[in-house]
Amino acid sequence: MLNSIFLFSLSSLFVSGGTFFMVLVSLLLIALLVAAWKAPRWVKEIGLAALVVGIFSALLGIAVALDTLQMAGDVAPEVVAGGLKVCLICPMYGMIVYFISLVVRIIQKPRA
């Protein structure tokens, strides 16, 4: 029961964060895990790409939201706060992928 609630919560976050960019960051996560074994030099760059994609999605979302707010006029602060909360889902996911890439790099570093 608890497991299904957790999976539902993750899937709703995935969809709320913007499907296109969340899929792109997920593909970068898969590429990161493959690169950990096949091309270790690419691990940090793939993680950095995930971070950049996440930040770009947030900036694009904020730009679209501000454009919509400008056209709408008077909007409640609760609506703006909810939009900003949703806008930060993909950058947080990108940061998690980047953190994973840093951990993989630390594990892969040869000991002197």
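Before you click on anything, one definition: a residue is called buried when its relative accessible area is under 20%, exposed when it is over 50%, and partly exposed in between, with a 1.4 Å probe and only protein chains counted. Keep in mind that this is a predicted model, where local features need pLDDT of at least 70, side-chain atom pairs count only at pLDDT 80 or more, and totals for chains, interfaces and linings use all residues. Residues are numbered from 1 along each chain as its sequence is written, and side-chain values use heavy atoms, leaving out hydrogens and water.

**Stop 1: the whole chain**

Start with a cartoon view. You should find five helices and zero strands, in the order α-α-α-α-α along the sequence. Helices here are DSSP runs of H or I with at least four residues, strands are runs of E with at least two, and both are numbered from the N terminus. Of the 112 residues in the chain, 25% are buried. Now switch on the surface: the accessible area is about 8100 Å², and carbon and sulfur atoms supply 76% of that. These areas come from the Shrake-Rupley method with a 1.4 Å probe, and for residues only the protein chains shown count as cover. Among contacts with a separation of 6 or more, 77% join residues 24 or more positions apart; a contact means heavy atoms within 4.5 Å.

**Stop 2: K109**

Select K109, in the segment after helix 5. Is K109 buried or exposed? K109 is exposed, at 53% relative accessible area. Then add P40: its C-alpha atom is 9.8 Å from that of K109, although 69 residues separate the two along the chain.

**Stop 3: helix 2**

Next, select residues 19–38, which are helix 2. The 20 residues of helix 2 should span 28 Å at 1.5 Å a residue, and the end C-alpha atoms are indeed 28 Å apart. The expected span is 1.5 Å times one less than the number of residues. Colour the buried residues of helix 2, among them F21, V25, L28 and L32. Then colour F20, V23, L24, L27, I30 and V34, which form a nonpolar surface patch with about 540 Å² of accessible area together. Such a patch joins nonpolar side chains (Val, Leu, Ile, Met, Phe, Trp, Tyr) within 5 Å, using residues with over 30% relative accessible area and no salt bridge, that is, no side-chain nitrogen of Lys or Arg within 4 Å of a carboxyl oxygen of Asp or Glu. One of the patch residues, L27, is in helix 2.

**Stop 4: helix 3**

Move on to residues 43–72, the 30 residues of helix 3, whose end C-alpha atoms are 44 Å apart, in agreement with the expected span of 44 Å. Its buried residues include V43, G47, L51 and A58, and the buried set packs against helix 2, helix 4 (77–87) and helix 5 (89–108). Just after helix 3, look at G73, which has a positive phi of about 90°.

**Stop 5: S101**

In helix 5, select S101, which counts as buried because its relative accessibility is 0%. Which residues touch S101, leaving aside neighbours within four places in sequence? They are L32, V43, K44 and G47.

**Stop 6: the cysteines**

Finish with C87 and C90. Both side chains are worth showing as sticks: C87 is buried at 12% relative accessible area, and C90 is buried at 1%. Why is C87 not bonded to C90? Their sulfurs are 9.1 Å apart, too far for a bond, given that a disulfide is a pair of cysteine sulfur atoms within 2.5 Å. The structure holds zero disulfides.

Notes
Patches are made of residues with over 30% relative accessible area and no salt bridge: like charges are joined within 9 Å, nonpolar side chains (Val, Leu, Ile, Met, Phe, Trp, Tyr) within 5 Å.
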